[in-house]
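Hi,

Here is the structure I promised to pass on. Have a look at it first, and my notes follow below.

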Amino acid sequence: MTQAAAWEAEYTTTGAGETKALAARLGALLQRGDLLLLTGELGAGKTTFTQGLGEGMGVRPGIISPTFVLVREHPNMAGGPDLVHVDAYRLGSEGEVDDIDLEASMDRSVTVVEWGAGLVEHLSDSRLEITLVRAVGRASSGPDGPGTDFSAEDTDEERLIRLAGYGPRWATAPDLG
Ligand SMILES: Nc1ncnc2c1ncn2[C@@H]1O[C@H](COP(=O)(O)OP(=O)(O)OP(=O)(O)O)[C@@H](O)[C@H]1O
Ligand SMILES: [Mg+2]
């Protein structure tokens with residue numbers, strides 16, 4: 001779908017905690033029927049961002065990478081919408097997306113799709129696209145040289161987080177403080 005974003009906003013975080021905090025502020029503003037697409041390379045922080053969304057929405061904790069399960073539904077404990085968390089990494093076409101029938105839960109839930117770009121836009125007339133970009137020059141290639149930081153997976157790093165709104169629901173940017 002060739003459609004221009006209504007707006008774009010950029011944020012920088014310096015660690016997973018900050019990314020979750022930003023996402024939690026967004027999560028508190030989400031409504032039933034919202035569709036969010038998360039884009040970014042392996043380990044960019046898509047699941048981390050989704051954990052923050054869940055906190056802000058008040059859904060039951062325990063959001064993990066759904067890689068081996070395509071869809072996980074997290075019930076809301078505060079009366080708000082449930083969070084439907086999808087990993088579309090292994091889905092190859094819009095047809096395969098239709099097979100998992102996200103439409104059935106869309107209207108009553110917030111649907112968040114990792115690797116959803118190019119696959120799930122047809123599910124809604126509006127969507128929020130979130131792109132996480134890993135900064136270049138990471139800690140693991142610092143003064144000690146590459147390969148010496150064995151805890152790199154959980155090392156706090158900088159991420160550029162870009163939000164872009166499409167369609168009537170996201171006509172204006174959310175105020176994330
Ligand atoms: N600023 C940051 N924001 C988010 N995560 C960060 C940040 N800095 C470091 N990290 C780390 O990066 C990793 C992100 O992993 P996460 O599973 O969220 O990525 P992902 O994009 O979902 O990966 P995948 O494509 O495998 O699903 C975590 O280990 C997290 O602690
Ligand atoms: Mg993930």
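To start you off: in which loop is Trp-115 found? Keep in mind while looking that this is a predicted model. Trp-115 sits in the loop between E5 and E6. I picked it out since its phi is positive, about 60°, although the residue is not a glycine. Is Trp-115 buried or exposed? It has 20 C-beta neighbours inside 10 Å, and 20 or more is the mark for buried, so Trp-115 counts as buried.

Asp-101 also has a positive phi without being a glycine, this time of about 55°. You'll find Asp-101 in the loop between helix H3 (94–99) and helix H4 (103–106). Asp-101 has 10 other C-beta atoms within 10 Å, and the limit for exposed is 12 or fewer, so Asp-101 is exposed.

Now the sheet. It is an open one with seven strands, ordered E1-E7-E6-E2-E5-E4-E3, and the pairing is mixed. Strand E1 (7–13) and strand E3 (71–74) form the edges, each pairing on one side only. Ignoring direction, neighbouring strands are turned by 20° against each other on average. At the E3 edge, E3 pairs with E4 in the antiparallel sense over four bridges, and Val-71 stands opposite Val-86 in E4.

Then the helices. H1 lies across E1 and E7, at about 145° to E1, while H2 lies across E2, E3, E4, E5 and E6, running at about 170° to E5. The two helices also pack on each other: their axes are 6 Å apart and make an angle of about 45°, which means that H1 is oblique to H2. The crossing is right-handed. Residues meeting there include Ala-16, Ala-23 and Gly-27 from H1, and Phe-49, Gly-52 and Gly-56 from H2.

Last, the core. The largest nonpolar core has 31 residues, and those touching the most other members are Leu-36, Leu-38, Leu-53, Leu-83, Val-112, Val-113 and Ile-130. Among the elements giving two or more residues to this core are helix H1 (16–27), helix H2 (46–57), strand E4 (82–87) and strand E5 (109–114). The largest share, four residues, comes from E2. If you want one residue to click on, try Val-113: leaving aside neighbours within four places in sequence, Val-113 is in contact with Leu-37, Leu-38, Val-86, Ala-88 and Val-120.

Cheers

Terms used
Residues are numbered from 1 along each chain as its sequence is written. Chains are lettered from A and ligands numbered from 1 in the order in which they are written. This is a predicted model: local features need pLDDT of at least 70, side-chain atom pairs count only at pLDDT 80 or more; totals for chains, interfaces and linings use all residues. A nonpolar core is a set of buried Ala, Val, Leu, Ile, Met, Phe, Trp, Tyr and Cys residues joined through C-beta atoms within 7 Å. Two residues are in contact if their C-beta atoms, placed from the backbone, lie within 7 Å. Two strands pair if DSSP finds at least two bridges between them. Axes are lines fitted to C-alpha atoms, for helices over the stretch in contact, and angles run from 0 to 180 degrees between N-to-C directions. Angles under 35 degrees count as roughly parallel, over 145 as roughly antiparallel, 65 to 115 as roughly perpendicular and the rest as oblique. A crossing is left-handed if the near helix is turned anticlockwise from the far one by less than a right angle, and right-handed if clockwise.
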